Amino acid sequence: MLNRRRFLSRLSESVAATAALTPNIAAQSGSEWPSPVLDIHLHLKPNDGNFEHIEGSGVRQAILLTSVEQDDVAKAAIAQHPGRYAQFVRADITKPDAIAKMRACLKDGAIGLGEINFHVAVDGPEMRGVYELAAEFDVPVTIHFQEDSPGDGEFTTPFKSLPAMIKAYPKTKFIGHANAFWANISADVPPNTAYPAGKIKPGGLTDRMLTEFPNLYADLSANSGRNALGRDPEFAAAFLERHRTKLMFGCDCPCKDGHGAGQVSQAPLIKGRCVARETLTALKQLASPAVFREIVWENSHRLLRIPA
Ligand SMILES: [Zn+2]
Ligand SMILES: [Zn+2]
């Protein structure tokens, strides 16, 4: 009995110690960057791996991109770390039941769709179903656009047909992401090059669409986003300022710990490194503190209508 009492007392002491530590850990991870950070593109990792990544990269909140099959895992992570996560959902849109499955998840707490990355046409029936579902629930949809990427196939093509879709679905909030979206930051897009290098030619389709369409947003994640920021710093700084209310930080990082462990990419800007850290560092260098805060925190909270 005494032993049990002592055990319980020890337990409550250690719980109190843990509780006292937790705010310090949160404060440390939040203070590393000039403002709190929300990561809008974090694929669900097994065994609570997302938590190690957000703590390691100094991220306060993240959107877990989750397949309908992983819904339970995402729900458990959200419950385990209150206030740290929200969830987007995707299903295989080449299958007839995809829309019904995603609709069920949207009714059950998911606050967006994505990422949607399939070998389908940007203006085909599969994507039109997605655009309609996003409008029906008034949630954004994150889409992977990829063409001219040798070996990896094409996703949501042709990119040049995207403006017609954004115009045709004005109630759908599009979040653009990936190779083709960021290659088209420049007016000249070299063929068969996933990550173009060198100076940017003004007037690119992505730049023009962000100006023209209020329902288009951009996700700066992955090597595609990091590469776009690294090509031409002068252009990038003006681009961030010009679209300061439309751009959102995300990482899409495969590393384990928010410090680059397990990063296998050989791309020069992210090789051996955490994409979250590299992109946040680039944003810090290129943007004013006010623009940095909009891009890494305020825009996503406003778009997703989640409390900051
Ligand atoms: Zn992607
Ligand atoms: Zn990382």
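1. N47 lies in the loop that runs between strand β1 (38-43) and helix α2 (49-57). In this predicted model, the backbone of N47 adopts a positive phi of about 55 degrees, although N47 is not a glycine. As to its surroundings, N47 has 8 other C-beta atoms within 10 Å and is therefore exposed, the cut-off for that class being 12 or fewer.

2. A178 also calls for comment. This residue is not a glycine, yet its phi is positive, at about 90 degrees. A178 is found in the loop between β6 (173-177) and α7 (179-183). Is A178 buried or exposed? A178 is buried, because 27 other C-beta atoms lie within 10 Å and the class requires 20 or more. The two positive-phi residues described here thus fall in opposite classes: N47 is exposed, whereas A178 is buried.

3. The peptide bond that joins T157 to P158 is cis, and its omega is near -5 degrees. P158 is placed in the loop between β5 (140-144) and α6 (162-168).

4. A further cis peptide bond leads from G114 to E115, with omega near -5 degrees. Where does E115 lie? E115 belongs to strand β4, which comprises residues 112-116. The residue that follows the cis bond is thus in a strand in the case of E115, but in a loop in the case of P158.

5. For inspection of the backbone, the points above concern the cis bonds G114 to E115 and T157 to P158, together with the positive phi values of N47 and A178.

Note on methods
Residues numbered from 1 in each chain as written. Chains lettered and ligands numbered in written order. Predicted model: local features only at pLDDT ≥ 70, side-chain atom pairs only at ≥ 80, totals over all residues. Helix = DSSP H or I, 4+ residues; strand = E, 2+ residues; numbered from the N terminus.
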